[in-house]
Amino acid sequence: MEVRVSPTRMQLLRTRKRLAVAVRGHKLLKDKRDELMKKFLALVRRNKELREEVEEKLGKAFKSFLMARAVMPPEVIEEAIMYPKRVLEFDATSVNILSVKVPKFSWAEKGEAQESEIYPYGPAATASELDFAIGSLAEVLPKMIELAEVEKSVELLSAEIEKTRRRVNALEYVLIPQLEETARYITMKLDEMERGNLTRLMKVKEIVRERGA
Amino acid sequence: MNIIVIGDRDTVTGFRLAGVEGWHVDTPQEAGAALEKALAARDTGLILITQRWSAAIRSEVEVARRRIMPVVVEIPDRRGPMDEVSLTRKVHSIIGI
């Protein structure tokens with residue numbers, strides 16, 4: 001790469017200083033990248049677990065729901081679930097993972113929270129499949145909220161990893177070699193000038209001696 | 001903050017029972033409109049959309065996913081899960097396989 005600096009001692013010092021900063025930044029960013037990667041992989045694993053669990057449980061819930069549909073007339077179902085009893089309070093904040101802001105959800109149920117109270121209808125007129133469906137849906141909801149949290153975190157972290165990796169590579173393969181090259185060029189040039197100066201001095205001395213003699 | 005479900009009638013009914021508000025949609029246009037409405041609402045924190053509908057309005061969902069709030073999550077509907085390739089692919093490209 002072409003080096004465009006004036007080969008002076010001042011410039012050499014400046015280049016060396018920049019190089020030191022770049023090397024230090026590179027090391028720090030590399031550490032950050034590795035740490036991000038570690039967190040990222042843990043989250044990905046958790047995400048997979050959660051997704052599988054949610055998918056399985058949702059499947060079960062919908063199956064029960066379908067059964068309930070089959071054994072009960074639609075009007076009865078509509079009537080039974082007209083007024084849901086559970087109301088969910090939901091709140092979102094954010095937490096910091098290595099300067100990446102990821103969402104954090106908290107939730108709570110409003111109203112009667114007793115186990116037997118989640119069904120908005122009497123047991124007499126409805127099929128038990130409906131109970132199962134509602135029960136498992138209620139069970140899967142917290143998991144789903146956590147899944148949302150983890151999935152979003154994975155997404156945000158992946159963007160940050162990408163960015164960090166690009167920076168690390170730019171430092172490692174472009175900036176640092178360039179600075180080293182510059183430093184080398186300046187030293188060579190300075191040495192060259194030094195040698196040139198030395199021969200010139202010797203020559204001058206010789207001439208002076210000849211005249212004196 | 002609210003959670004909003006977008007999906008077919010069964011899914012939405014099911015989630016209503018679990019205490020989550022939702023809109024059921026029957027066409028991709030309706031799904032798109034519902035998503036827009038959910039995004040526009042100030043206090044939406046989480047949007048759950050069934051995979052079948054999110055596949056139908058893929059580009060809108062992708063745009064929505066880029067925002068920090070609200071979080072959009074795809075869930076399976078009653079016909080079972082569809083392959084969730086996007087995340088797996090992303091993970092692979094990050095790790096470098």
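In this predicted model, helix α3 of chain A and helix α1 of chain B are roughly perpendicular to each other, because angles of 65 to 115 degrees count as such. The two helices, spanning residues 128-212 in chain A and residues 9-17 in chain B, pack at an angle of about 75°, and their axes lie 9 Å apart. On the α3(A) side, the contact is made by A:Ala133, A:Ile134 and A:Leu137, which meet B:Gly14, B:Phe15 and B:Leu17 of α1(B). Sorted by class, this helix pair brings together five nonpolar residues and one polar residue, with no charged residues.

It helps to place this helix pair within the wider contact between the chains. Chain A contributes 36 residues to that contact and chain B contributes 29 residues. On the chain B side, two or more residues come from each of β1 (2-7), α1, β3 (44-50), β4 (71-75) and α5 (85-95). Helix α1(B) provides the largest share of this side, with six residues. By class, the side of chain B that touches chain A holds 18 nonpolar, six polar and five charged residues.

Turning to chain A itself, A:Ala20 is a residue of helix α1 (residues 9-71). Its surroundings comprise 11 C-beta neighbours inside 10 Å; since 12 or fewer is the cut-off for exposure, A:Ala20 counts as exposed. In sequence, A:Ala20 and A:Ile176 are 156 residues apart, yet in space their C-alpha atoms are 9.2 Å apart.

Definitions and conventions:
Residues are numbered from 1 along each chain as its sequence is written. Chains are lettered from A and ligands numbered from 1 in the order in which they are written. This is a predicted model: local features need pLDDT of at least 70, side-chain atom pairs count only at pLDDT 80 or more; totals for chains, interfaces and linings use all residues. Axes are lines fitted to C-alpha atoms, for helices over the stretch in contact, and angles run from 0 to 180 degrees between N-to-C directions. Helices (H or I, at least four residues) and strands (E, at least two) are DSSP runs, numbered from the N terminus. Angles under 35 degrees count as roughly parallel, over 145 as roughly antiparallel, 65 to 115 as roughly perpendicular and the rest as oblique. Two residues are in contact if their C-beta atoms, placed from the backbone, lie within 7 Å. Ala, Val, Leu, Ile, Met, Phe, Trp, Tyr, Cys and Pro count as nonpolar, Asp, Glu, Lys and Arg as charged, and the others, Gly among them, as polar. A residue is buried if 20 or more other C-beta atoms lie within 10 Å of its own, exposed if 12 or fewer, and partly exposed in between; C-beta atoms are placed from the backbone.
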